[in-house]
Amino acid sequence: MAGDTKKKILETALELFAQNGYLGTSMNDIAEKLGITKGALYKHYASKQEILDSIVERMNEADFQRATRYEMPETETDNYAEAYSHVPIEKIRSYSIAQFDHWTKEYFSANFRKMLTLEQYREPKFTQLYQNYLVSGPVMYMTEIFKKLTGLDAAASEQLALEFYGPLFLLYGIYDGADDKDRIVSMVYAHIDNFIEKIEFKYK
């Protein structure tokens with residue numbers, strides 16, 4: 001029961017962070033949204049920072065589970081560089097689609113992305129989180145994959161990563177504002193398939 005309450009607190013807090021920003025949301029706002037007293041909220045989380053830390057922990061757990069499900073290498077492991085050489089192109093396709101769904105269709109993750117987008121220029125810790133999750137982190141990850149897939153050097157592999165990830169990143173925002181979201185998903189599939197076809201043709 002306590003676990004369900006803590007989960008509800010995280011989800012409600014993140015919803016408010018995505019709407020009003022982390023800095024623009026108080027513990028009182030969170031308690032009011034939940035319909036509980038501020039004292040009851042503090043029994044579960046001692047501070048707003050502790051709530052944020054728990055949100056990030058939940059995101060990290062979800063990332064690990066998704067990478068495991070799609071048999072993608074984890075960057076934290078000691079031998080992850082070698083693991084990239086065992087990633088077939090179809091796994092990259094499936095994982096990339098899952099990543100897009102994760103950041104757009106999954107409510108918790110989508111709110112996390114929106115919070116980071118709002119707060120990235122306001123505080124260094126959010127700048128770093130934004131970079132790690134949505135900008136430089138994914139580019140670095142895909143650079144290593146393309147390096148192993150193509151045999152290209154780091155600079156050329158990074159360029160491929162930018163060409164691949166850049167449109168996906170742009171499509172997050174387009175998806176958010178689109179009335180016909182299925183059309184945007186079709187654009188995602190087309191981009192991934194076209195890019196993979198190019199990679200297979202040029203570097204097989």
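**Close-up views of an all-helix model**

This protein has 11 helices and 0 strands. The model is predicted.

**View 1. The whole chain sets the scene for the close-ups.** Walk along the sequence and the pattern reads α-α-α-α-α-α-α-α-α-α-α. The C-alpha atoms fit in a box of roughly 60 × 40 × 35 Å along the principal axes. Of the 204 residues, 41% are buried. The salt bridge count comes to 9, and a few of these bridges turn up in the views below.

**View 2. Helix α7 covers residues 107-119.** Does its length add up, and what should its 13 residues span? At 1.5 Å a residue the helix should span 18 Å, and its end C-alpha atoms are 18 Å apart, so the two agree. Plenty of α7 is tucked away: Phe108, Ser109, Ala110, Asn111, Phe112, Arg113, Met115, Leu116 and Glu119 are buried.

**View 3. Glu119 pairs with Arg122 in a salt bridge.** The N to O distance here is 3.4 Å. Buried or exposed, what is Glu119? Its relative accessible area is 0%, under the 20% cut-off, so Glu119 is buried. Arg122, on the other side of the bridge, has 48% relative accessibility and therefore counts as partly exposed, since that falls between 20% and 50%.

**View 4. Arg66 and Asp63 form a salt bridge inside helix α4.** Their closest N and O atoms are 2.5 Å apart. Both residues belong to α4 and sit 3 residues apart, about one turn of the helix. Arg66 is buried, because its relative accessible area is just 4%.

**View 5. Asp193 and Arg93 make a salt bridge.** The closest N and O atoms of this pair are 2.5 Å apart. Which parts of the chain does the pair link? Distant ones: Asp193 is in helix α11 (residues 181-203) and Arg93 is in helix α6 (residues 89-104), with their positions 100 residues apart in the numbering. With 31% relative accessibility, Asp193 counts as partly exposed. As background, side chains of opposite charge can pair when their charged atoms come close.

**View 6. A patch of negative charge sits on the surface.** Which residues gather here? They are Glu50, Asp53, Glu57 and Glu61. Glu61 is found in helix α4, which runs over residues 48-69. A relative accessible area of 42% makes Glu61 partly exposed.

Methods:
Residues numbered from 1 in each chain as written. Predicted model: local features only at pLDDT ≥ 70, side-chain atom pairs only at ≥ 80, totals over all residues. Heavy atoms only, no water. Helix = DSSP H or I, 4+ residues; strand = E, 2+ residues; numbered from the N terminus. Expected span 1.5 Å × (residues − 1). Buried < 20%, exposed > 50% of the residue type's maximum accessible area, 1.4 Å probe, protein only. Patch = residues over 30% accessible without salt bridge, like charges linked within 9 Å, V, L, I, M, F, W, Y side chains within 5 Å. Areas by Shrake-Rupley, 256 points an atom, 1.4 Å probe, with all protein chains shown as cover. Salt bridge = Lys/Arg side-chain N within 4 Å of Asp/Glu carboxyl O. Lys, Arg positive; Asp, Glu negative; His and termini not counted. Charge placed at Lys NZ, Arg CZ, Asp CG, Glu CD.
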